[in-house]
Amino acid sequence: MANDHIATYLNDHLAGSVVALELMENLESVFAGKPIAAFVAGLRVEVEEDVQDLKGIMQRLDISESRTRKVSAWVTERFTELKLRMDDPTRGELRQFESLEALSLGIEGKRSLWMSLSAAAEGTPQLRIADYQRLRQRAEDQRARVEPKRLEAAKLALKWDEEKASKNA
């Protein structure tokens, strides 16, 4: 049963990485030619490395990738993209902000993954197969780089427009 729990947990995070990578590719496409696209492209390379690390752990533990979870992740990303498009059809500030916020939360989830595996490895020698400290630190570094971009996008997207507020009153 415990092995099933580990398999489920790792596959859930692998599915989350599918969503994150699709979201990042979308950000690059929507904001092509803008600084945010180049920033996300560089970050995506690191996230792809993290995915390879996760797949390596799964291989060492002889855990198969769940096709069902990967398909569910793909569908989730499509719904996310639809939501972002509906929220901001102009592909403007709100879309960038919400995309960066989702990305930031995903990175935090990845940090939690590495911390959880590290904690579990204390009592489970089979899980002592990766440098979880290094992986956690990389996630923290990624989030530290995304956070200023997210907050800058928040300033633009969530700016109060007094003129529009007066018209709606």
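## Exercises: D50 and two pockets

The side chain of D50 makes a polar contact with the side chain of K110, at 2.4 Å (an N or O pair within 3.5 Å; within protein, one atom must be able to donate a hydrogen and the other to accept it, and residues adjacent in sequence count only if both atoms are side-chain atoms). We're working with a predicted model, where local features need pLDDT of at least 70, side-chain atom pairs count only at pLDDT 80 or more, and totals for chains, interfaces and linings use all residues. Numbering starts from 1 along each chain as its sequence is written, and side-chain values use heavy atoms, leaving out hydrogens and water.

**Exercise 1.** Work out whether D50 is buried or exposed, and what D50 is in contact with.

*Solution.*
- Step 1: find D50 in helix 2, residues 35-60 (helices are DSSP runs of H or I, at least four residues, numbered from the N terminus).
- Step 2: check the accessibility. D50 is buried because its relative accessibility is 3% (buried means under 20% relative accessible area, exposed over 50%, partly exposed in between, with a 1.4 Å probe and protein chains only).
- Step 3: skip neighbours within four places in sequence; D50 then contacts K110, W114, R138 and Q142 (heavy atoms within 4.5 Å).

**Exercise 2.** Find which helix gives the most to the lining of the largest pocket, and sort the lining residues by type.

*Solution.*
- Step 1: pick out helix 4, which gives 9 residues, the most to this lining.
- Step 2: sort the lining into 12 nonpolar, 6 polar and 2 charged residues (Ala, Val, Leu, Ile, Met, Phe, Trp, Tyr, Cys and Pro are nonpolar; Asp, Glu, Lys and Arg charged; the others, Gly among them, polar).

Terms used:
Helix = DSSP H or I, 4+ residues; strand = E, 2+ residues; numbered from the N terminus.
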